[in-house]
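Let's take a walk through this protein chain together. Have the sequence and the model open as you read, and follow along from strand to strand.

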Amino acid sequence: LSDGNPSFGRWGAFASLEKFGTFRGRDKDRMGITYFYNDLSNDFRNLVSPVVPLDAVLGGEIYYNAAITNSFHLTGDFQAVANGRESDDTAIILALRAVIDL
């Protein structure tokens, strides 16, 4: 929460559910689903509206993190992000991330 001055955001919310060991024999894998909402302050909207009109940003994510080894993880990720403007399409993001712990 913020009064929006001088912050660009007024308030935001985030919710996530995560499960470890979703499948038998894959105890270190995890998967989850997430939702977020970020509202912009009126001062920030007024500042940028001559250039681009902005609205609240909301979205969600579904991911699966596979523990290939103890130090190597591979994550598949699907995200959908919308900025609240009817004229803009929802962004769809597919990603694959590899992490090596040294």
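How many bridges join strand 2 to strand 3, and in which sense do the two strands run? Before the answer, one reminder: this is a predicted model, so read what follows as a description of a prediction. Strand 3 covers residues 57–69, and 9 bridges join strand 2 to it, with the two strands running antiparallel.

Now step back to see where that pairing belongs. The protein chain holds 1 helix and 5 strands, and along the sequence they follow the pattern β-β-α-β-β-β. With a radius of gyration of 18 Å, the chain is well over the 13 Å that the globule rule gives for 102 residues, so it is more spread out than a compact globule. The C-alpha trace spans about 55 × 30 × 25 Å along its principal axes.

Let's follow the strands in order. Strand 1, residues 9–20, pairs with strand 2, residues 30–40, in the antiparallel sense over 11 bridges. To find this pairing on screen, look for Leu17, whose bridge partner in strand 2 is Ile33. Ile33 also stands opposite Ile62 in strand 3, so you can step from Leu17 to Ile33 and on to Ile62. Another marker for the pairing of strands 2 and 3 is Tyr35, which has Gly60 in strand 3 as its bridge partner.

From strand 3 the route continues through a hairpin of 2 residues that joins it to strand 4. These two strands pair in the antiparallel sense over 11 bridges, and here Gly59 stands opposite Val81 in strand 4. Strand 4 is in turn joined to strand 5 by 10 bridges, again in an antiparallel run. Ala80 marks this last pairing, with Ile92 as its bridge partner in strand 5.

How many of the 10 residues of strand 5 are buried? The number is 0, so strand 5 lies largely in the open. For the whole protein chain, 19% of the 102 residues count as buried. The chain exposes about 7,300 Å², and carbon and sulfur atoms supply 61% of that area.

Two residues are worth a visit. Leu40 sits in strand 2 and counts as buried, because its relative accessibility is 8% and the cut-off for buried is under 20%. Leaving out residues up to four places away in sequence, Leu40 touches Phe8, Gly9, Arg10, Arg45, Leu54 and Asp55. Leu40 and Ser2 are 38 residues apart in sequence, and their C-alpha atoms are 9.9 Å apart in space.

Thr90 is found in the loop between strand 4 (72–82) and strand 5 (91–100). Is Thr90 buried or partly exposed? With a relative accessible area of 44%, Thr90 is partly exposed. Beyond its neighbours within four places in sequence, Thr90 is in contact with Ala80, Val81 and Ala82. Thr90 and Arg30 are 60 residues apart in sequence and 27 Å apart in space, C-alpha to C-alpha.

Finally, look at the chain as a whole once more. Of its contacts with a separation of 6 or more, 44% are between residues 24 or more positions apart. The side chains include 9 positive and 13 negative ones, and the centres of the two sets lie 10 Å apart.

Key: Residues are numbered from 1 along each chain as its sequence is written. This is a predicted model: local features need pLDDT of at least 70, side-chain atom pairs count only at pLDDT 80 or more; totals for chains, interfaces and linings use all residues. Side-chain values use heavy atoms; hydrogens and water are left out. Helices (H or I, at least four residues) and strands (E, at least two) are DSSP runs, numbered from the N terminus. The radius of gyration is taken over C-alpha atoms; the globule rule is 2.2 Å times the number of residues to the power 0.38. Buried means under 20% relative accessible area, exposed over 50%, partly exposed in between (1.4 Å probe, protein chains only). Contact means heavy atoms within 4.5 Å. Accessible areas come from the Shrake-Rupley method with a 1.4 Å probe; for residues, only the protein chains shown count as cover. Lys and Arg count as positive and Asp and Glu as negative; His and the chain ends are not counted. The place of a charge is taken as NZ of Lys, CZ of Arg, CG of Asp or CD of Glu. Two strands pair if DSSP finds at least two bridges between them.
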